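Colleague: Got a minute? I'd like to go through this chain with you.

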Amino acid sequence: MGFKVTADLVPLFRGLVTGLQPFAAAQEVDLVFESQVSSLHAFYNPEEALSEITVLLSRIITFTPQSYSIKVSVEKCSENTDRCILAIENTGVDLSKLGEILSAVKNGLLVERQKQGTRFIASIPTKPNIARLTDATLNGTLLPKKYPNYYATVVKRLTTHFSNTDNLQKAADLKSNSEGVFLRKVNAVINSHISEPEFKVDNLASAMALSRTQLFRKIKELTQMSPQRYLRYVRLEKAKQLLQSKEKDLNVSEVCYRVGFAGKSHFTRSFQKEFGFNPSEFMKSKNVT
């Protein structure tokens, strides 16, 4: 349960966009922020203000094709002074009927089809404080440099979640049928050998009837990762599923060996680096509902 603060929504959303720009850049999508107002003070819960918008923006980034752009803008709501408008516009593809995006915001999301893209409009409740605000009474602004640990954790976990193998597969399918088939086959080969520590990039290239150079080029284009990193990533994604499984009551060591890591310490370090928390902490979270 979060708490509310009196602060400026403009730098809050600017900070969110700044934090997600490396994620967008990795997918070769240009992400920019602009605001029609210099400040928009409100009394709000940062968790509530960020959660759905973060999911929405991350999914739009995931499904926007390479070399296109996304613009996030904060606007005043002319009809209701207790709310503001956050508009997200993408170019290159119509995302207006994509369920994964439409389900990100439960209420109040308007979608407008553009000539070469989509405009998503979210109405954000600001609940402004009735009392007059002065600089002395404000709690400050939520900037990444002021809350580095918070933003680092949010960005790390978002990047991880919205780059998972399912969404990478969907992105490959959107590019073309052949690209989708290729990545699906790569994933199938890796998963069929996932418990074998000796299964390396050379084995994957051989199974795909490609040279290491050809495999590198294809996987890098589709996932923004090298084959070696992608192989490790698929192993860790599988580990994450096993750790969260309520049907399979596995401990960390058992999961480690099931996904092809030779030692628990190496597995724990890799998992922590990839997802931002250690396997034991992640496993405990499955009992929290």
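Modeller: Sure. One term before we start: a residue is called buried under 20% relative accessible area, exposed over 50%, and partly exposed in between. Also keep in mind that this is a predicted model.

Colleague: Okay, let's try that out. Where does Asp-30 lie, and is Asp-30 buried, exposed or partly exposed?

Modeller: Asp-30 lies in strand 2. Its relative accessible area is 47%, so Asp-30 is partly exposed.

Colleague: And what is Asp-30 in contact with, leaving aside its neighbours within four places in sequence?

Modeller: Tyr-68, Ser-69 and Ile-70. Asp-30 and Ser-69 are 39 residues apart along the chain, but their C-alpha atoms are separated by 4.4 Å.

Colleague: Which way do strand 2 and strand 4 pair, parallel or antiparallel?

Modeller: Parallel, over six bridges, with strand 2 covering residues 30-35 and strand 4 covering residues 69-76. Leu-31 stands opposite Ile-70 of strand 4 there.

Colleague: What about strand 4 and strand 5?

Modeller: Those two pair in the antiparallel sense, over seven bridges, and strand 5 is residues 83-91. Ile-70 has a bridge partner in strand 5 as well, namely Asn-90.

Colleague: Let me zoom out. How many helices and strands does the chain have?

Modeller: 12 helices and seven strands. Of its 289 residues, 44% count as buried. The chain exposes about 15,500 Å², and carbon and sulfur atoms supply 51% of that.

Colleague: Which residues have the most contacts inside the largest nonpolar core?

Modeller: Val-186, Leu-204, Leu-215, Tyr-230, Phe-267 and Phe-271, in a core of 37 residues. Among the elements giving two or more residues to this core are helix 5 (165-175), helix 6 (177-192) and helix 8 (212-223). Helix 9 gives the most, with eight residues.

Colleague: Is there a second core?

Modeller: Yes, a separate one of 36 residues, and Leu-9, Leu-31, Ile-60 and Ile-88 are among them. You met Leu-31 a moment ago, opposite Ile-70.

Colleague: Back to Phe-267. What is Phe-267 in contact with, beyond four places in sequence?

Modeller: Leu-236, Ala-239, Val-252, Val-255, Cys-256, Val-259, Phe-261 and Pro-279.

Colleague: And how do helix 6 and helix 8 pack?

Modeller: Their axes are 11 Å apart, at an angle of about 105°. An angle of 65 to 115 degrees counts as roughly perpendicular, so helix 6 is roughly perpendicular to helix 8. From helix 6, the contact is made by Glu-179, Phe-182, Leu-183 and Val-186, while the helix 8 side includes Leu-215, Lys-218 and Ile-219.

Colleague: Next, Gln-169 in helix 5. Buried or exposed?

Modeller: Buried, because its relative accessibility is 9%. Not counting residues up to four places away in sequence, Gln-169 touches Gly-180, Leu-183, Arg-184 and Asn-187. Leu-183 is also one of the helix 6 residues in the contact with helix 8.

Colleague: Last topic, backbone angles. Which residues other than glycine have a positive phi?

Modeller: Ser-67, with a phi of about 75°, and Ala-209, where phi is near 55°.

Colleague: Where do Ser-67 and Ala-209 lie?

Modeller: Ser-67 is in the loop between helix 2 (46-63) and strand 4, and Ala-209 is in the loop between helix 7 and helix 8. Ser-67 is exposed, with a relative accessible area of 65%. Ala-209 counts as exposed too, at 68% relative accessibility.

Definitions and conventions:
Residues are numbered from 1 along each chain as its sequence is written. This is a predicted model: local features need pLDDT of at least 70, side-chain atom pairs count only at pLDDT 80 or more; totals for chains, interfaces and linings use all residues. Side-chain values use heavy atoms; hydrogens and water are left out. Helices (H or I, at least four residues) and strands (E, at least two) are DSSP runs, numbered from the N terminus. Buried means under 20% relative accessible area, exposed over 50%, partly exposed in between (1.4 Å probe, protein chains only). Accessible areas come from the Shrake-Rupley method with a 1.4 Å probe; for residues, only the protein chains shown count as cover. Two strands pair if DSSP finds at least two bridges between them. A nonpolar core is a set of buried Ala, Val, Leu, Ile, Met, Phe, Trp, Tyr and Cys residues joined through side-chain atoms within 4.5 Å. Contact means heavy atoms within 4.5 Å. Axes are lines fitted to C-alpha atoms, for helices over the stretch in contact, and angles run from 0 to 180 degrees between N-to-C directions. Angles under 35 degrees count as roughly parallel, over 145 as roughly antiparallel, 65 to 115 as roughly perpendicular and the rest as oblique.
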